[in-house]
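Dear colleague,

Please find below the structure that I am handing over to you. My account of what was found in it follows directly after.

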Amino acid sequence: MKTLYVVTTNQCQLRCPFCYINFVEDFDKFDEIPEDKVSHIDPDMVYNVIKKGKYDTVVFHGGEPLLYPNTLLEIMQKCKGMGIDFSIQSNLAFKNLSQRQLEAISVCGGVGTSYNYDRFEGYSTQEEYFKSNIRELKSLGLGVSILITITENHIYKQNPIALKDYIDGISTKIDSLIFERVILPLEQLENETDRLEGFYMEADKYMKTCYEIFPREQTNLYNLVKNSITYGTPFYNTECSSFTHTLYPDKLKYGCPSLEKRNVDDSKKMAKCLECSWFKWCGGDCECFNHVCAFPVLLFERVIKDLKQELKEDTLNGL
């Protein structure tokens, strides 16, 4: 399945410390950001790239794509009848979702958003917008999935139980929670190895606990491990560039938007990786190239206990 991320705009109304997007100053003064403050993408160019690339899925990304709902709707209208699944990734930090924004979300059947303790630290007003908009979307019968980005600050300031209370406090009807660790710049991986090895161990413990306390069907953690073991695919797929592209206003690149802050040529595996029993499921994770190991061993071991109850023994040979 081929996926195209469309970076609809390169700016955003939030300033998340782990993100690479430009912050729009004084956003709260505007109901909608004036066009001269935000760069955005040309719908005709997007249509031509989609048609030529024969993509199955198109994800509107950013920046904040809902700054331009008319652009999203125009692209989706141009591609009508092509059998493409569209989705939107939005921070939902708008005072009120406009009719056009709601229309764009409705065409996609819902929205993907994201949460992290760092994201709203110091931005309590935007956090209330985020919560209110999720509740509105759920009241309209629209799907909402939340990407949980695990950072050091998040681990130490909001433990898994507190995270569950937070999510349940927004809505008990969240469709899915997707856990990911933040992609770090290579300079940090090279220069702060000891600290980051400790961080990845804590992130592993964090995900393991989340797996245990959230309903299994609500998170991606069980299926990530199950699919990795069942089909022999890497837990974090490092071959994403073969089926995933990102379209920027001025270029088309291989891979997902997160790779924009990494040197993707840094692809030599650590020698010790090749001797590791987990390597067949790790596959040379994009954070491990000659630097630190970020493989979630504790999570894997915990999920395997449940997998053994339902998968045939020959599938689990060697575990």
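A residue is called buried here if its relative accessible area is under 20%, exposed if that value is over 50%, and partly exposed in between. On this basis, 50% of the 319 residues of the protein chain count as buried. Please bear in mind that the model is a predicted one.

The protein chain contains eleven helices and ten strands. If one takes the contacts between residues at least 6 apart in sequence, 75% of them join residues at least 24 apart.

I turn next to the aromatic residues. The count of aromatic pairs comes to 15. In one of them, the ring centres of F60 and F86 are 5.6 Å apart and the planes stand at 10°; planes under 30 degrees apart count as stacked, and therefore this pair is stacked. F60 belongs to strand β4 (residues 57-61) and F86 to strand β5 (residues 85-88), so the pair ties together parts that are 26 residues apart in sequence. Both positions fall under the 20% cut-off: F60 is buried because its relative accessibility is 0%, and F86 is buried because its relative accessible area is 14%. Elsewhere, one aromatic cluster is formed by F235, W278, W281, F295 and F300.

F295 also appears in the next topic, the enclosed space, as one of the residues that line the largest cavity. The count of cavities of 30 Å³ or more comes to one. The largest cavity has a volume of about 40 Å³. Its lining consists of R181, Y200, A203, D204, M207, A294, F295 and P296. Helix α8 (residues 193-213) gives the most to this lining, with four residues. Sorted by class, the lining of the largest cavity has six nonpolar and two charged residues, and no polar ones.

Helix α8 contributes to an open site as well, for the largest share of the lining of the second largest pocket, three residues, comes from α8. The volume of the second largest pocket is about 180 Å³. Of the 15 residues that line this pocket, F18, T151, E152, V182 and L184 are the closest to its centre. At least two lining residues come from each of α5 and α8. By class, the lining of the second largest pocket comprises eight nonpolar, three polar and four charged residues.

Two single residues may also be of interest to you. Q158 is placed in the loop between α5 (152-157) and α6 (160-170). Is this loop residue buried or exposed? Q158 counts as buried, because its relative accessibility of 6% is under 20%. The side chain of Q158 is joined to that of Y115 by a polar contact of 3.0 Å. Leaving aside residues up to four places away in sequence, Q158 touches Y115, Y117, L163, Y166 and Y206.

The other residue is K280, which is found in helix α10 (residues 279-282). K280 counts as partly exposed, because its relative accessibility of 47% lies between 20% and 50%. K280 and S228 are 52 residues apart along the chain, and their C-alpha atoms are separated by 9.3 Å.

With kind regards

Key
Residues numbered from 1 in each chain as written. Predicted model: local features only at pLDDT ≥ 70, side-chain atom pairs only at ≥ 80, totals over all residues. Heavy atoms only, no water. Buried < 20%, exposed > 50% of the residue type's maximum accessible area, 1.4 Å probe, protein only. Polar contact = N/O pair within 3.5 Å; in protein donor to acceptor, adjacent residues only side chain to side chain. Contact = heavy atoms within 4.5 Å. 1 Å grid on protein atoms, 1.4 Å probe; cavity = no way out; pocket = protein on both sides within 12 Å on 5 of 7 lines; lining within 4 Å. Points joined across faces, edges and corners; volume = space filled by probe spheres on them. Nonpolar A, V, L, I, M, F, W, Y, C, P; charged D, E, K, R; others polar. Phe/Tyr/Trp six-rings, centres within 6.5 Å; stacked < 30°, edge-to-face > 60°.
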